[in-house]
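Me: I keep meeting words like "buried" and "exposed" and I'd like to see how they get applied. Can we go through an example together?

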Amino acid sequence: MQSKIILSALLAILVIGISQFTFAEELEKTTHIAVDEEKFQQPSSKYNYQEIVFLGFVEDYSRGEQVTITIISPDESKNEINTYASKKGEIYTIIHITNESEIGVHQVILQYHNVEIASTTFEILENS
């Protein structure tokens, strides 16, 4: 009886694991942009900073073509980062948060051929 329960539980874990792995592989094949963390503490000193890592993927990317990452701050100001993806379409870009970075939710927009193809957000929290 106990062996049947354990076997059933192991089978369920295996099925869930395989389905999550399949979903993760599908995510890698669809266009997306993400940040390594959703919330960041604003550094307390001008001598300290934190790094935000942008990870993404551009489907049907042509090698050597620029992609643009636009960061819209809570005050609606924009910061554009022009970069390139790998030949497979993978994006990896880093920016720094300083003590002068604006507190609040920042929108991140990924553009390719001047068309918005993905977006996400991150938040800078006031240093407490």
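Me: What does the secondary structure of the chain come to?

Reply: This is a predicted model, by the way. The chain comes to one helix and eight strands, and along the sequence they follow the pattern α-β-β-β-β-β-β-β-β.

Me: How many residues does the chain have, and what percentage of them count as buried?

Reply: There are 128 residues, and 30% count as buried. The accessible surface of the chain is about 8900 Å², with 52% of that belonging to carbon and sulfur atoms.

Me: Let's try one residue. Why is Ser101 called buried?

Reply: The cut-off for buried is under 20% relative accessible area. Ser101 has 16%, so it counts as buried. You'll find Ser101 in the loop between strand S6 (90–97) and strand S7 (104–112).

Me: What makes the link from the side chain of Ser101 to Thr98 a polar contact?

Reply: The side chain of Ser101 reaches the backbone nitrogen of Thr98 at 2.9 Å, and the limit for such a pair is 3.5 Å, so the distance fits. Setting aside neighbours within four places in sequence, Ser101 is also in contact with Gln42, His96 and Ile124.

Me: What about Glu102: why is it called partly exposed?

Reply: Partly exposed sits between the 20% and 50% cut-offs. Glu102 has a relative accessible area of 26%, so that's the label it gets. Glu102 is found in the loop between S6 and S7 too.

Me: Which backbone nitrogen does the side chain of Glu102 reach?

Reply: That of Asp75, at 3.1 Å. Beyond neighbours within four places in sequence, the contacts of Glu102 are Ser73, Pro74, Asp75 and Ile124. Glu102 and Glu126 are 24 residues apart in sequence, while their C-alpha atoms are 9.0 Å apart in space.

Me: Why is Asp60 called exposed?

Reply: Exposed means over 50%. Asp60 is at 67%, so it passes that cut-off. Asp60 has its place in the loop between strand S3 (50–57) and strand S4 (66–72).

Me: And Asn114, why is that one called exposed?

Reply: It's the 50% cut-off again: Asn114 is at 75%, so it counts as exposed. Asn114 lies in the loop between S7 and S8.

Me: What makes the phi of Asp60 worth a second look?

Reply: Most residues other than glycine have a negative phi. Phi of Asp60 is near 60 degrees, a positive value in a residue other than glycine. For Asn114, phi is likewise near 60 degrees and positive.

Me: Which residues have the most contacts inside the largest nonpolar core?

Reply: Ile52, Phe54, Ile69, Leu110 and Phe122, in a core of 21 residues. Strand S1 (32–35), S3, S4, S6, S7 and strand S8 (115–125) each supply at least two residues of this core. Leaving out neighbours within four places in sequence, Phe54 touches residues including Ile33, Ile69, Ile91, Val108 and Phe122.

Me: Which residues form a nonpolar patch on the surface?

Reply: Leu55, Tyr92 and Ile94 do, with about 290 Å² of accessible area together. Take Ile94, which is found in strand S6. A patch residue needs over 30% relative accessible area. Ile94 is at 37%, so it clears that bar. Since 37% also falls between 20% and 50%, Ile94 counts as partly exposed.

Notes: Residues are numbered from 1 along each chain as its sequence is written. This is a predicted model: local features need pLDDT of at least 70, side-chain atom pairs count only at pLDDT 80 or more; totals for chains, interfaces and linings use all residues. Side-chain values use heavy atoms; hydrogens and water are left out. Helices (H or I, at least four residues) and strands (E, at least two) are DSSP runs, numbered from the N terminus. Buried means under 20% relative accessible area, exposed over 50%, partly exposed in between (1.4 Å probe, protein chains only). A polar contact is a pair of N or O atoms within 3.5 Å; within protein, one must be able to donate a hydrogen and the other to accept it, and residues adjacent in sequence count only if both atoms are side-chain atoms. Contact means heavy atoms within 4.5 Å. Patches are made of residues with over 30% relative accessible area and no salt bridge: like charges are joined within 9 Å, nonpolar side chains (Val, Leu, Ile, Met, Phe, Trp, Tyr) within 5 Å. Accessible areas come from the Shrake-Rupley method with a 1.4 Å probe; for residues, only the protein chains shown count as cover. A salt bridge is a side-chain nitrogen of Lys or Arg within 4 Å of a carboxyl oxygen of Asp or Glu. A nonpolar core is a set of buried Ala, Val, Leu, Ile, Met, Phe, Trp, Tyr and Cys residues joined through side-chain atoms within 4.5 Å.
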